[in-house]
Amino acid sequence: MPFLSIPEKVSLIILLIASFVLFSRRLQHVIKQIRASKPEVDFQLNPIGRRLWDFSWEVLCQAKVIRERPLPGIAHAFVFWGFGAFALVTLNHVATGLGFPFLERHSYFGRIYWWFAFTFATLVAVSITGLFIRRFIVRPKWLEPLSPESGVIAALIFLLMATYIPMWWFPEVTTTGHVLWWIHTIALLAFLPLIPHTKHLHLLLSPATIFLSRGGFSKIPPLAGDEDFGLDTGKDFTKLTTLQVHSCVECGRCTEHCPANNTGKELNPKQIALGLRTYLNEYGTASDTPIVGATISQTAIFQCTTCGACEYQCPVGIEHLPMIIGLRRSEVNTGRWEDEHGTKLFLNLERQGNAMGFSVTERDKFIAKQELPIFDGSQEYCLWLGCMGAYDPRGREIISAFGEVMRHTGTTFGVLKKEKCTGDPARRLGNDLVFGQLAESNIAALTQTGAKRLVSICPHCVRTIAEDWKEFGVQVEIEHHSEFMARHLHLLPSTGKEKSVVFHDPCYLGRYRDIYDQPRDVIAKSASVIDPPRARERSFCCGAGGGLVFLSEETGERVNHARAKELADTGADIVGAACPFCNSMFRDALGSTSTNPPELLDIAQIAAASIRSQAVK
Ligand code: SF4
Ligand code: SF4
C-alpha cells in the first residue's frame with residue numbers, strides 16, 4: 001500500500017538524485033585519478049588463485065582485521081557484514097517509498113530475511129557503539145588525530161540501525177513507522193555521499209586494493225627506466241599507489257607497530273599514506289611539485305628501518321615499502337638527500353664493494369686465517385659471507401661457528417673469492433644505481449664460479465639475492481643458515497636444556513621470509529626457548545634495516561635499546577639472534593639494560609657450542 005504522498009515522493013526523488021550526484025562525482029574523481037596514474041611496471045594478475053584467496057580471507061572473512069585486533073576487529077567485521085546483510089533491505093526500503101516494494105515482510109522469505117537483517121541490525125548497533133566509545137572516549141593514540149567525520153559516520157550507522165529495528169513493530173503505514181521511515185531514509189541519503197568524501201571510501205576501494213596487491217611481502221617495484229626517479233611528483237604515482245592511498249581507513253595499525261614511531265621518531269606510516277593522499281587531493285597526478293617537502297618530510301622517510309610491520313598489519317592491503325622506497329629514490333636520485341653517513345656509505349659501496357669501507361684484503365686475510373675453502377664448483381654450497389660476515393668481528397665469529405656446523409653435518413662448502421655487498425643498503429635507501437652495480441658484479445662472480453646453491457647467515461643478504469636480484473634476470477637459490485640447520489637437525493646434538501634463550505625474530509627472516517620455527521628448533525636442541533612479548537610476525541625491529549645501521553639515529557629513544565630491554569626483561573640467560581645486523585645492534589644495547597645483561601649469541605654459535613660440548617664428552 002502506498003504510504004508516501006505525492007509531495008513526499010517528489011522530495012524523495014530529489015533527495016535520491018542529490019545524494020547519488022554527490023556520491024558519484026567524488027567517486028568518479030578518484031577513479032579518474034587512478035586511471036590517470038602511471039601503469040605498474042611489473043604488475044601481473046597471475047597467480048589469480050592467490051588473489052582470490054586473499055580476497056576471500058581478508059575481505060569477505062575479515063580475517064586480518066580480526067586477527068590483529070580481535071575485539072575491535074570483530075566489531076568492525078559485524079559492521080562490514082551488516083552492510084552486506086542490509087543491501088536487500090535498503091533497496092526494498094527505497095522501493096517501498098517509491099511504491100514498488102519487492103520484499104514482502106509477511107511472506108516466507110520476507111520473514112526469514114527480516115529476522116536475519118534484524119539480528120545484524122542489533123549486532124551492528126552494538127558494534128558501532130563500541131567502536132565509537134573506543135575512538136572518542138578510550139582514544140588510543142594510534143587513532144589520533146580524532147576525525148569528526150568518523151563520529152558523524154558512526155552516528156549515521158547507529159541511526160540507520162536504530163530506525164530499522166522498531167519498524168518491525170511499526171510498519172511504514174503507521175504514523176510512528178512513517179516518521180521512522182523518513183529518518184532512516186535521510187540518514188541513508190546523507191551517508192551515501194559521505195562514503196567517497198571520507199576515509200569510508202575504503203568500503204568501495206579496499207576490496208580492489210587487496211585483490212590487486214603487488215604480491216610478495218614488501219616488494220620493491222623496479223624503476224621504469226633511466227627517466228624514472230622514483231616517487232618524486234604527482235606524475236610518478238602509479239595506479240596501485242593512487243588506489244592504495246585512497247583506501248587508507250586511518251586505523252593506525254601500521255603506526256601502532258612501527259618501531260620508529262614507537263621510539264619517538266617523526267616517521268608515522270599512517271601519515272605516509274595520508275600525506276600521499278593529501279598530495280593527490282591538493283596537487284593531483286599532473287603536478288610537478290615534489291611530494292617530499294610538500295606533504296611528507298624527508299626526515300621521516302629516512303627513519304624507516306623497512307621492517308615491514310606496517311605492511312603486515314594493514315587491513316586494507318596498503319604497501320608502505322614501495323611508497324617509502326619510492327620517496328627515498330626520488331630524494332637520492334635528485335640529489336636532495338644530503339646525509340654525511342649516507343654519502344659515505346654509498347662511496348664505500350662503490351669504491352670498496354662493502355658497506356664498512358674496508359679494503360678487500362681484510363676479507364682475504366680472514367678467509368685465509370679461518371682456512372675457509374674457496375668455492376670452485378665442486379662443493380655443495382657456496383657460503384655467502386656478506387659484509388658483516390667478512391669484516392665485522394662478531395659477524396666473523398658467526399661465520400666461523402656456522403662453518404663448524406656445516407663441517408659437522410658433512411656438508412662441503414666454499415666461499416667466493418670475489419664477493420661484494422649484495423646492494424641491500426643501497427637498494428633500501430633508494431640508490432638503484434649503486435645497487436645495480438653491486439648486484440651485477442656479484443651475479444657475474446657467481447656465474448663464473450658456477451655456484452648454484454647459496455647459504456647465508458644474514459637474512460638481508462638472503463632477501464636481496466633471492467628477490468631483489470630478480471630484476472637482473474636471475475633466480476638464485478639461497479637459504480638462511482637457520483633453514484640449513486633445521487634441515488640437518490637430526491645431526492645436531494641434543495644436550496641438556498639448563499640455559500634459556502630468548503629468540504629475537506629478525507624482520508627479514510620472519511615477516512619477509514616466513515621463517516619462524518626453524519631457528520627455534522635449532523635452539524631447542526640445546527636450550528629452552530623463550531618468546532619475548534613481541535615475537536614472530538609481531539616482532540619488534542632491532543633498528544638496523546633499511547640501511548639505517550649505517551646512518552645515525554638521532555631522534556628519540558634508540559630502537560635497539562628499546563628492543564634489547566624487552567629481550568633482557570624476559571630474564572633469559574641468552575639472547576638468541578639469527579642476523580648479524582641484529583647482533584651488532586644488540587651488542588652495546590644489551591650492556592645498557594643492566595649490570596648483568598644476558599649473553600648474546602647467534603643460533604649458529606649455540607649449535608656450534610653444543611657440537612663442541614658433545615665432542616668433549
Ligand atoms: S617498515 Fe617498519 S619502520 Fe618503516 S614505516 Fe613501516 S613499520 Fe615503520
Ligand atoms: S595505512 Fe593501513 S594500517 Fe595504516 S592507517 Fe591506513 S589502513 Fe590503517
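How many bridges join strand 7 to strand 8? Four, and the two strands, the first of them covering residues 574-577, run parallel. One pair to look at is Ile574, which stands opposite Glu599 in strand 8. Keep in mind that this is a predicted model.

Zooming out, these strands belong to an open, four-stranded sheet with parallel pairing and the order 6-5-7-8. Strand 6 and strand 8 sit at the edges with a single partner strand each, so one side of each has no neighbour in the sheet. On average, neighbouring strands here are turned by 35 degrees against each other, ignoring direction. Helix 24 packs on the sheet and touches strand 5, strand 6 and strand 7. Its direction makes about 170 degrees with that of strand 5.

Here are the residue ranges for the sheet and its helix:

| Element | Residues |
|---|---|
| Strand 5 | 500-503 |
| Strand 6 | 528-530 |
| Strand 7 | 574-577 |
| Strand 8 | 599-602 |
| Helix 24 | 517-524 |

Now for ligand 2. There are 14 residues around ligand 2, and Cys248, Cys251, Cys254, Lys270 and Cys314 come nearest. By type, the shell has nine nonpolar, two polar and three charged residues. Helix 10 (253-256) and helix 12 (269-282) each supply at least two of them, with helix 12 giving the largest share, three residues.

Helix 12 also packs against helix 15 (residues 320-333), at an angle of about 70 degrees and with the axes 10 Å apart. That's why the two helices, 12 and 15, count as roughly perpendicular. On the helix 12 side, Pro269, Ile272 and Leu276 meet His320, Met323 and Ile324 of helix 15. Five residues of this contact are nonpolar, one is polar and none is charged.

Key: Residues numbered from 1 in each chain as written. Chains lettered and ligands numbered in written order. Predicted model: local features only at pLDDT ≥ 70, side-chain atom pairs only at ≥ 80, totals over all residues. Near = placed C-beta within 6 Å. Nonpolar A, V, L, I, M, F, W, Y, C, P; charged D, E, K, R; others polar. Axes fitted to C-alpha atoms, helices over the stretch in contact; angles between N-to-C directions. Parallel < 35°, antiparallel > 145°, perpendicular 65-115°, else oblique. Contact = placed C-beta atoms within 7 Å. Pairing = 2+ DSSP bridges.
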